[in-house]
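Colleague: I'm new to this one, so please pick a single part and walk me through it slowly. I'd like to start with one strand pairing and then see how the rest fits around that.

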Amino acid sequence: MNALKLHRKLDAIWSSEPGWRGWFSTVNHSDLGRMFLGTAFFYFAIGGILAMLIRAQLATPHSAFAGEEVYAQLFTMHGTIMMFLFAIPAIEGLAVYMIPKLLGTRDLAYPRLTAYGYWCYVFGGAMLLFSLAAGIAPNGGWFMYPPLTGPIHSPGINTDFWLIGITFVEISAICAAVELTVSILKFRAPGMSLDKMPIFAWYILVTSLMILTGFPPLILGSILLELERAFGLPFFQADLGGDSLLWQHLFWLFGHPEVYIIFLPAAGIISTVLPVMARTTLLGYGWVVAAAVALAFLSFGLWVHHMFTTGIPHMGVAFFSAASTLVAVPTAVQVFAWIGTMWKGRPELHLPMLHILGFFITFVIGGLTGVMVAIVPFDWQVHDTAFVTAHLHYVLFGGFVFPLLAGLYYWLPLFTGRQRFFKLGEIAFALVFIGFHGTFLAMHWVGLLGQRRRIYTYDADAGWTTINFLSSLSSFILAIGLALVLIDILMHMFATVRGKRNPWGAGTLEWAAMSPPPSYNFASLPVVRTRDPFRTDTDLAERIAKGEGYLAKPNGNLRETLTVDVASGKPDYVVRYSANTRLPITLSAVTGLFFLSLLLKIYWFTPVAVIAIAIVTWRWVWSSGSRNDSGLVSVAANTKLALAETVEASPGWWGSTFLLVANATFFGSLIFGYAFLWTIAPGWPPPQWLEPWAPELLAGTGSAIAASAFIRMAMRQNRNGQSPQSGCLLAFAATIMTAVSLCSLMLRIPDPTGHAYGATLLFISGYGLFHTLLSALMLAFLSARISAGFVSPQRKAAPAIVRLWTDYGAATATVCLVISHLPAWLT
């Protein structure tokens, strides 16, 4: 089969439906990456408009442009949109589009999960935009501190839009993180070991793991605050045993890693683009990877530096102050590696390089002011002033937007297959650079003069008028520059001529594909032997197109790719994907109905939505797998591999493992909250303890242990050629017994509205019950699959996945029962 015939055959297999209908059924990562990026920049434009309205209000004292309530909604939605609807989704979109191309594979690990995450993002963001258009937008700041946002001081629906909408959007982030983590670890070109991975993939891997461990605390906090607002469970009310500082801990356990979740992918872009612009390779590849990993670890130990003024003990303040300055070390390693790369090479001032230089200047200033606010006496002086707002923008805009624009201009010839003709980009860069520094240098200045953040007006004799006017004027210059960037990109896409492949002379695999890349990325999967395979093998693109790599012969109409060993990159097994489907948008719409029922307080409909989610999910999973044993699949000359369904560590097992990492972080945050209230909050001990009941504890923990034992028995039966049905049904029965014990516990809990102790026990036992019932549902599904012939001694992937969830449900149920009974016994 020649290259053209191979292209036509593969494109027919992998392409999406033509026309606009294809948007709703596509599971192709290139389509979804473009959709993510387009939607993210739409939200960026809205967030920018809100910023202009804020600066218009602050340009002069006693401005009548916006009243206090409208201004509160403006700055809340500006921060919310930029942090949750632009920054993270933009990186997700770029990673979804680029990672398979960089890794030399055909798609991500879970194409339907990517589509589901995208539509959750769209629907969740639409909820927030509706609130803004209707004048009922969140108005408590993008950080939503109680008690201001509690039911007493914010009785309207404004705060509920934030809590429910953001939780909906965060489903998208968790989906993308699981998707990207598994894809980078398992879905790579043959021979691409970890030490040969593109540096951008390392950064995305670290970032994805940070999302899995950084977002759950905020999801927990949002759920707790919504439960307090909707049902009166007093998690944050000090007079009833709660503590508003618990919210700050949970929020900043997410909030500070969030800064590095945004920065690290941008640093990955710098580490990818800079060596190409400098005509060399990255200096200190291993050191840069180590610095990224170190930065990720350190970022989770800094959250309290947002709380220096809350009365934290001096020893704790000293520790977190030291940790906050320590974070400069891995950052400096990366910066010096980039400087060394430029020194080693011959930098050329193309447009991406201009944005990289803009990043250097801006981010260094932001980093220096970050060290300043890490020093406790200085932080006490500038806390909650415009100085902190300016620092935040220097870090996030300088550390994210400039690198993102560098990356977009670098990969634009790949996206479009065209070359730049008009030179608006250079003018746009100058306006963005001047406008940004004019806006936020002035904001540093006015913050040092005492202007508080989040104020909607000020007196003329405060001495801030000229500075604020210059800041507002500069912000409009910045806005014009960003508008020119958009115009330049659109002109590049629609009004320029075809360009050559790999115009930068880069060495990574994405440039070995056609430009723009086809739906299948690579006609055959390349064998990788170096870190820059396209630089060391200039004929690689031609040989890929001719089908001289792996999986060069299409197998009917099946979408196939392969996985590799995590460390060595040795081919492992073959994965077959589902075709285009509307199941992801259907499931996300049903999920949206669940969140809408909570938002509108139509609680009778909530269980209906949950049942609908279960039905659609059942249909989703049922469509995978086979009822017949398959032989080995030929992937190359003299090389055959097994299918994914024949191994226990299948893609579903890997995805479940990392999803459970996020779940365990959520549970750990819940235990932290329980311990925090117990030891710190006022109003403890509670007026009434839970009465311990040994039969309940023994029955619940015993049946949980039995469920884990029985699912293992089922797996042994399957391996030995016996029917695993009996072991599966016994595990199901044991799981139901555990659920009964947890229901008994929930019915005996002291009044959850009377004290945070009862509310916390109710939530802990509810968490255990939810995961026990989820395990029961998965065991019922496995039993149905066994009866339908989807499981055999060869097809053993499904029982291994269900075992993971059964073990987790059993472990959490045991912990929930023990920590509910033990304190009462000890007291």
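**Starting from one pair in the sheet**

Modeller: Let's begin with Y573, which stands opposite A642 in strand 4. Keep in mind that this is a predicted model. The pair belongs to the contact between strand 2 (residues 571-577) and strand 4 (residues 639-643), which run parallel and are joined by two bridges. V574 has its bridge partner in strand 4 as well, namely L643.

Now look at the other partner of strand 4. Strand 3 (residues 633-636) is joined to strand 4 by three bridges, and here the two run antiparallel. Within that pairing, V633 faces L641, while A636 has T639 as its bridge partner. Strand 3 and strand 4 make a hairpin with two residues between the strands, and N638 in this hairpin takes a positive phi near 65°.

Step back and you can see the whole sheet. Four strands make up an open sheet, in the order 1-2-4-3, with mixed pairing. Why do strand 1 and strand 3 each have a side without a neighbour in the sheet? Strand 1 (559-564) and strand 3 are the edges, and each has a single partner strand, so one side of each is left without a neighbour there. The strands don't lie flat against one another either: ignoring direction, neighbours in this sheet are turned by 45° on average.

While we're on backbone angles, here's a bit of background. Most residues other than glycine have a negative phi, and most peptide bonds are trans. With that in mind, two more spots deserve a glance. L551 sits in the loop between helix 18 (540-545) and strand 1, and its phi is near 55°, positive in a residue other than glycine. The relative accessibility of L551 is 4%, so L551 counts as buried. K601 is another non-glycine with a positive phi, about 60°. You'll find K601 in the loop between helix 19 (583-599) and helix 20 (606-622). With a relative accessible area of 36%, K601 is partly exposed.

There are cis peptide bonds to look at too. One runs from W684 to P685, with omega near 5°; P685 is in the loop between helix 21 (651-679) and helix 22 (694-719). Another runs from P146 to P147, with omega near 10°, and P147 lies in the loop between helix 5 (111-133) and helix 6.

That brings us to helix 6 itself. Helix 6 covers residues 158-186, and at 1.5 Å a residue its 29 residues should span 42 Å; the end C-alpha atoms are 43 Å apart, which agrees. Helix 6 is also mostly covered, with 28 of its 29 residues buried. Carry on past the end of helix 6 and you reach P190, in the loop that leads to helix 7. At 1% relative accessibility, P190 counts as buried. The C-alpha atom of P190 is 6.2 Å from that of V528, although the two are 338 residues apart along the chain.

Helix 6 also has a part in the internal spaces. The model has eight cavities of 30 Å³ or more. The largest cavity holds about 80 Å³ of space. Its lining has 13 residues, and the closest to its centre are I91, E92, L180, T207 and I211. Helix 4 (68-103), helix 6 and helix 7 (199-231) each give two or more residues to that lining. By class, the lining of the largest cavity splits into ten nonpolar, two polar and one charged residue.

The second largest cavity has about 70 Å³ of space. Its lining includes F84, I88, P89 and E92, along with Y121, V169, E170, S172, A173 and F215. Here the elements giving two or more residues are helix 4 and helix 6. The classes in this second lining come to seven nonpolar, one polar and two charged residues. Notice that E92 is among the residues of both linings.

If you'd like a place to go back to, return to the pair we began with, Y573 and A642. From there, strand 4 takes you to strand 2 on the parallel side and to strand 3 on the antiparallel side.

Conventions
Residues are numbered from 1 along each chain as its sequence is written. This is a predicted model: local features need pLDDT of at least 70, side-chain atom pairs count only at pLDDT 80 or more; totals for chains, interfaces and linings use all residues. Side-chain values use heavy atoms; hydrogens and water are left out. The expected span of a helix is 1.5 Å times one less than its number of residues. Buried means under 20% relative accessible area, exposed over 50%, partly exposed in between (1.4 Å probe, protein chains only). Two strands pair if DSSP finds at least two bridges between them. On a 1 Å grid over the protein atoms alone, a cavity is a set of points where a 1.4 Å probe fits but cannot get out, and a pocket is an open set with protein on both sides within 12 Å along at least five of seven lines; lining residues have an atom within 4 Å of a point. Grid points are joined across faces, edges and corners, and a volume is the space filled by probe spheres set on the points. Ala, Val, Leu, Ile, Met, Phe, Trp, Tyr, Cys and Pro count as nonpolar, Asp, Glu, Lys and Arg as charged, and the others, Gly among them, as polar. Axes are lines fitted to C-alpha atoms, for helices over the stretch in contact, and angles run from 0 to 180 degrees between N-to-C directions.
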